Amino acid sequence: MTPELSSPPALRIFRFNDVDEFRQSVRAVDVWFTPLARRISASQTILTLPGCDINLVTSFPRVMDVQLKPGCTAVGFAMTPRSALRMNGIDADMPFLAIGRGGGTYTAVERTALQFTSVMFTPEVLGRGWPEPGQDFLVFEMTADAQQKLRGLVLEVMSFASTSPDELATPGVSDGIKESMLAAIDHAFATRVR
């Protein structure tokens with residue numbers, strides 16, 4: 001979901017036991033998936049900031065095809081130590097960082113329930129030296145240190161947003177969170193293994 005520029009920062013938490021409800025909750029992407037479990041338990045925490053949504057998702061075993069909507073950049077990474085994930089034919093069992101631009105696609109198989117973060121920037125992020133994906137999302141191995149920094153930042157930001165929601169509206173706070181996220185992603189891409 002892309003907020004209007006005048007929208008105040010907001011933290012929203014959703015829990016799902018129904019596949020169709022979960023499918024309808026996904027924003028900024030078109031997603032088609034087949035669950036690999038009879039019953040699901042999923043959650044989504046979304047911190048909406050001007051020009052940036054941070055999504056922390058606990059998913060369920062599934063096969064999915066995703067297409068990013070135009071006008072944005074998505075960066076994703078696992079929050080769990082090992083991920084039983086195959087993305088665009090690559091086993092992402094290492095610390096990975098995925099990037100896609102508007103219209104970009106990926107196919108993934110999640111063999112177990114995963115916790116991951118996707119950061120959606122609107123408009124697209126340009127001029128930061130990040131890899132330039134084409135039609136398909138790109139997947140990179142990042143260092144364990146970069147992964148820890150990203151995970152730690154997401155958990156710290158979500159904790160701050162849940163315990164101090166009024167402070168999110170303080171001038172400069174939302175911009176500071178977004179800039180911290182951009183800087184951590186800069187570091188992850190600059191120190192990527194391959």
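Let me start with helix α3, residues 173-190, which in this predicted model lies across β3, β4, β6, β9, β11 and β12 and runs at about 110 degrees to β11. The sheet beneath that description is an open one of seven strands, in the order β1-β3-β4-β11-β6-β9-β12, with antiparallel pairing. Its edge strands are β1, residues 10-16, and β12, residues 138-141, each of which pairs on one side only, and the twist from one strand to the next averages 15 degrees.

A second helix, α2, residues 144-163, also packs on the sheet, where it touches β1, β3, β4, β6, β9 and β11, and its direction makes about 105 degrees with that of β6.

Turning to the edge at β1, this strand pairs with β3, residues 42-49, in the antiparallel sense over seven bridges, and if you want a place to look on the screen, L11 stands opposite L47 in β3.

Now to a single residue, R86, which sits in strand β7, residues 85-87. Is R86 buried or exposed? Its relative accessible area is 33%, and because buried means under 20% and exposed means over 50%, R86 counts as partly exposed.

As for its surroundings, and leaving aside residues up to four places away in sequence, R86 touches D91, T107, A108, V109 and R111. With D91 there is a polar contact between the two side chains, at 3.0 Å, while the side chain of R86 also reaches the backbone oxygen of G89 at 2.9 Å. Finally, R86 and E110 are 24 residues apart in sequence, yet from C-alpha to C-alpha they are 6.7 Å apart in space.

Conventions
Residues numbered from 1 in each chain as written. Predicted model: local features only at pLDDT ≥ 70, side-chain atom pairs only at ≥ 80, totals over all residues. Heavy atoms only, no water. Pairing = 2+ DSSP bridges. Helix = DSSP H or I, 4+ residues; strand = E, 2+ residues; numbered from the N terminus. Axes fitted to C-alpha atoms, helices over the stretch in contact; angles between N-to-C directions. Contact = heavy atoms within 4.5 Å. Buried < 20%, exposed > 50% of the residue type's maximum accessible area, 1.4 Å probe, protein only. Polar contact = N/O pair within 3.5 Å; in protein donor to acceptor, adjacent residues only side chain to side chain.
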